[in-house]
Structures are given as structure tokens and as C-alpha cells.
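Subject: Handing over the model

Hi,

Here is the structure I promised to pass on. Have a look at it, and my notes follow underneath.

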Amino acid sequence: MKCRKCGGKAAFNMRQHKLALCKEHYLEWIPAQTERFIEKYRMFTHDEKILVAVSGGKDSLSLWDILWKLGYHADGLYLALGIDEGIGYSDESRRLCEEFASKRGLTLHVVDVLGDYGHTIPDLARSTHRGKDKPCSVCGLVKRHEMNRIARDFGYDVLATGHNLDDEAAVLFGNTLRWDGEYLLRQGPVLPAAPGLARKAKPLCRFCEREMAAYALLSGIEYIYDECPFAVGSTSIYYKELLNDLEHERPGAKLSFYLSFLEAKKKGLFAEQREETTAGLNVCQQCGQPTSALDLCSFCRMMGVGV
Ligand code: Q46
Ligand code: ZN
Ligand code: ZN
């Protein structure tokens with residue numbers, strides 16, 4: 001297989017795009033495409049400050065690497081969740097993020113959930129009614145709250161995450177199975193800011209998992225290969241496998257599922273486009289983020305802080 005640009009030996013073949021590229025041209029193609037998506041979906045500009053949520057995995061570190069190479073003002077945020085499970089998952093992923101940042105001279109914010117709040121995610125899951133079997137709902141709540149807090153406190157214009165096409169297609173598949181209108185309306189490459197909530201963007205949402213793994217590998221990014229130990233057996237992994245079977249039989253099906261959805265939404269198929277709304281919500285008396293409760297938001301109540 002030959003590189004379409006230079007005729008040299010191809011390092012990576014993308015059946016769904018009918019495109020094969022050598023290492024050099026692949027490492028140019030991914031950032032160039034990312035820039036196109038950032039502009040197309042109006043995610044952010046070169047004048048804005050971007051906070052990239054990094055987990056130590058291939059997607060988020062590749063995203064940070066790409067934004068850095070494209071000349072964006074992008075700082076990182078790592079949330080130390082205290083997930084160990086015998087493999088030192090959090091410690092290792094933190095080390096990789098810190099190393100990544102220091103090699104490139106980039107700024108990394110680290111929030112240590114145990115140090116700052118006195119709990120680890122597995123502890124919180126055990127001590128609350130949320131997440132009896134798995135800590136994922138507690139973890140999601142903490143991640144959303146803390147990402148938004150840092151973005152707001154440090155004046156970032158946008159919060160960028162490394163969700164790829166496989167992630168987005170799996171979420172879309174789940175939302176479609178339930179015809180969950182609210183979630184469908186909110187799903188997309190960019191979610192505008194709302195009072196108390198930062199704008200969110202997913203610049204990698206059109207690249208599949210394989211493409212991001214190839215990018216990380218070919219650019220020599222050191223990342224954690226293990227998934228979070230709690231991800232094993234999750235519904236989203238099951239949906240990803242289903243969609244991969246489909247993709248195997250019909251290359252391009254995954255991308256077209258996602259893009260056709262975006263197109264349908266644009267045409268108004270799902271009624272009026274709705275932005276993230278905080279109308280009817282109150283303000284948490286402790287942290288100031290929007291909440292449906294009268295006094296403290298779920299995060300502050302769970303952490304036992306404040307009033
Ligand atoms: S939610 Fe659950 Fe993830 Fe948190 S506990 Fe791990 S798998 S990291 S995306
Ligand atoms: Zn080439
Ligand atoms: Zn709060």
C-alpha cells in the first residue's frame with residue numbers, strides 16, 4: 001500500500017476514507033483535519049484560552065499534542081481520582097500527564113480529589129447511595145464539577161475533551177435506543193456556554209479509535225494502555241463492539257451514523273435546537289455552579305462541604 005501524497009510506503013490505511021498515508025503525511029493529516037473540524041463546528045479560536053481535560057490515555061494526550069502543534073493556547077487539567085485497583089491506575093496516568101507537559105513546557109493543572117476533599121472516588125461510591133456496583137456515576141459527577149470549576153476559576157473560554165468517534169457513536173447509539181430527546185439535543189461536537197457552565201468542545205469527534213491510537217503511536221506519545229479498571233464490562237464498551245462489527249462489514253458506517261445525526265439535527269429533525277439551559281435552576285450556595293437543589297449541589301452535598 002502506498003501513501004497517496006508521496007507514493008512512499010504507507011504506515012496507515014483508512015478504509016472508510018479510502019486513504020493510505022505514510023508516517024510523515026499521517027502526522028500532518030490528523031492536525032490539519034482537526035483544525036478543519038474546529039473551524040467547521042466553531043469550537044474555539046486562536047485567541048481563546050483552552051483547557052484540555054487529560055486522563056493519560058491516547059485520545060486526550062493526542063488532543064493536547066495536536067492543539068499545541070496547531071499553536072493554540074491550550075493548558076491541561078488532570079483529575080487525580082484515587083483509582084488504584086491493584087494496578088496503580090491513577091498514579092501511573094498522572095505521571096504520564098506530568099511527563100507529557102514537562103517535555104513540552106506546557107501548563108498542567110492537577111486536582112487531587114483525595115487531597116482537596118479527603119475522599120477517593122471508590123470511597124465516595126461506597127459511602128453514598130450512588131454507584132453501589134461501580135463508581136462511574138460518582139466519578140462522572142466529580143469530573144463534570146471539577147472540570148467546570150477549574151475552567152471558570154482560571155478564566156478558560158472552553159473545555160476540550162478527547163472524545164473520539166467511537167465514544168460519540170456509542171453514546172449516540174445508547175441515546176437512540178432510548179430515544180432520549182434531551183440527551184440527543186445536547187449531543188454534538190460543541191456545547192455552548194450557559195450561565196455558570198463553560199463551553200465544551202470535542203475536536204476529535206470525527207476520528208475513530210484506531211486513527212487516534214495510530215496518531216499517538218506514530219508521534220511517540222507515551223500513554224496509559226490500560227482503560228480505567230471500572231470501564232470493564234460497561235454498556236458503552238458493548239455498544240462500541242457492536243458498532244465495530246458493523247464497521248467491519250460496512251466501512252464508514254460509524255462515521256455516517258454520527259454525521260447523519262448531526263445533519264438531521266441541523267435540519268431541525270429534533271425540533272428546535274436547544275442549548276444547554278440553566279433556566280429554572282438555582283445556584284449552589286457553596287460553589288456557585290447551577291443546581292436543581294435549593295441550597296447545595298449534589299457535588300457539595302456528597303463532599304460534605306459548606307453550610
Ligand atoms: S467514569 Fe467509571 Fe470512567 Fe470514572 S470510574 Fe473509571 S470508567 S474513569 S470514563
Ligand atoms: Zn507520504
Ligand atoms: Zn456546589
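Before the notes, one cut-off: four donors count as tetrahedral if all angles lie between 85 and 135 degrees. Also keep in mind that this is a predicted model.

**The zinc ion (ligand 2)**

With that cut-off in hand, start at the zinc ion (ligand 2), where the angles among the four donor atoms run from 98 to 115 degrees, so the site is tetrahedral. Which residues hold the zinc ion (ligand 2)? The donors are Cys-3 (SG), Cys-6 (SG), Cys-22 (SG) and His-25 (ND1), at 2.1 to 2.3 Å. Along the chain, these donors of the zinc ion (ligand 2) follow the spacing C-x2-C-x15-C-x2-H. Cys-6 sits in the segment before strand 1 (12-14) and His-25 in helix 1 (residues 23-40), so this pair ties together parts that are 19 residues apart in sequence. His-25 is buried, with a relative accessible area of 13%, while Cys-6 is partly exposed at 46%.

While you're there, click on Lys-2, which also belongs to the segment before strand 1. Lys-2 is exposed, with a relative accessible area of 63%. Leaving aside neighbours within four places in sequence, Lys-2 is in contact with Gly-7, Gly-8, Ala-10 and Ala-20. From Lys-2 to Asn-13 is 11 residues in sequence and 9.2 Å in space, C-alpha to C-alpha.

**The zinc ion (ligand 3)**

The zinc ion (ligand 3) is coordinated by Cys-284 (SG), Cys-287 (SG), Cys-297 (SG) and Cys-300 (SG), at 2.3 to 2.4 Å. The spacing of these donor residues in sequence is C-x2-C-x9-C-x2-C. The site of the zinc ion (ligand 3) is tetrahedral too, with angles of 104 to 117 degrees among its four donor atoms. What does the pair Cys-287 and Cys-300 tie together? Cys-287 lies in the loop between strand 9 (282-283) and strand 10 (290-291), and Cys-300 lies in helix 12 (residues 298-303), so the pair links parts that are 13 residues apart in sequence. Both Cys-287 and Cys-300 are buried.

His-145 is worth a look here. It lies in helix 6 (residues 136-153) and is buried, with a relative accessible area of 6%. Not counting neighbours within four places in sequence, His-145 is in contact with Cys-287, Gln-289, Cys-297, Phe-299 and Cys-300. Among those contacts, Cys-287, Cys-297 and Cys-300 are donors to the zinc ion (ligand 3).

**Helices 7 and 10**

Next, a pair of helices. How do helix 7 (residues 165-177) and helix 10 (residues 235-249) cross? Their axes come within 9 Å and cross at roughly 100 degrees, which means helix 7 is roughly perpendicular to helix 10. On the helix 7 side, the residues that meet helix 10 are Asp-166, Asp-167, Ala-169, Ala-170, Phe-173, Gly-174 and Leu-177. Helix 10 brings Ser-236, Tyr-239, Lys-240, Leu-242, Leu-243 and Asn-244. Sorted by class, this contact has seven nonpolar, three polar and three charged residues.

**Some buried spots**

Is Ala-160 buried or exposed? Ala-160 counts as buried, at 0% relative accessibility, and its place is in strand 6 (residues 158-160). Apart from residues up to four places away in sequence, Ala-160 touches Ile-50, Leu-51, Val-52, Ala-53, Leu-63, Ala-201 and Pro-203. The C-alpha atoms of Ala-160 and Phe-44 are separated by 9.5 Å, with their positions 116 residues apart along the chain.

Then there is helix 9 (residues 209-218), in which Glu-211, Met-212, Ala-214, Tyr-215 and Ala-216 are buried. The cover over these buried residues of helix 9 includes strand 1, helix 1 and helix 2 (58-69). After helix 9 comes Gly-220, with a positive phi near 70 degrees.

**Positive phi outside glycine**

Most residues other than glycine have a negative phi. That is why I noted Glu-85 and Trp-179. Glu-85 has a positive phi near 50 degrees; Glu-85 sits in the loop between strand 4 (73-80) and helix 3 (89-104) and is partly exposed, with a relative accessible area of 43%. For Trp-179, phi is positive as well, near 45 degrees. Trp-179 is found in the loop between helix 7 and helix 8 (181-186) and counts as exposed, at 60% relative accessibility.

Over to you!

Note on methods:
Residues are numbered from 1 along each chain as its sequence is written. Chains are lettered from A and ligands numbered from 1 in the order in which they are written. This is a predicted model: local features need pLDDT of at least 70, side-chain atom pairs count only at pLDDT 80 or more; totals for chains, interfaces and linings use all residues. Side-chain values use heavy atoms; hydrogens and water are left out. Donors are N, O and S atoms within 2.8 Å of the metal (3.2 Å for Na, K and Ca); water is not among the atoms, so sites may look incomplete. Four donors count as tetrahedral if all angles lie between 85 and 135 degrees; four count as square planar and six as octahedral if opposite donors are over 155 degrees apart and all others between 65 and 115; anything else is irregular. Helices (H or I, at least four residues) and strands (E, at least two) are DSSP runs, numbered from the N terminus. Buried means under 20% relative accessible area, exposed over 50%, partly exposed in between (1.4 Å probe, protein chains only). Axes are lines fitted to C-alpha atoms, for helices over the stretch in contact, and angles run from 0 to 180 degrees between N-to-C directions. Angles under 35 degrees count as roughly parallel, over 145 as roughly antiparallel, 65 to 115 as roughly perpendicular and the rest as oblique. Contact means heavy atoms within 4.5 Å. Ala, Val, Leu, Ile, Met, Phe, Trp, Tyr, Cys and Pro count as nonpolar, Asp, Glu, Lys and Arg as charged, and the others, Gly among them, as polar.
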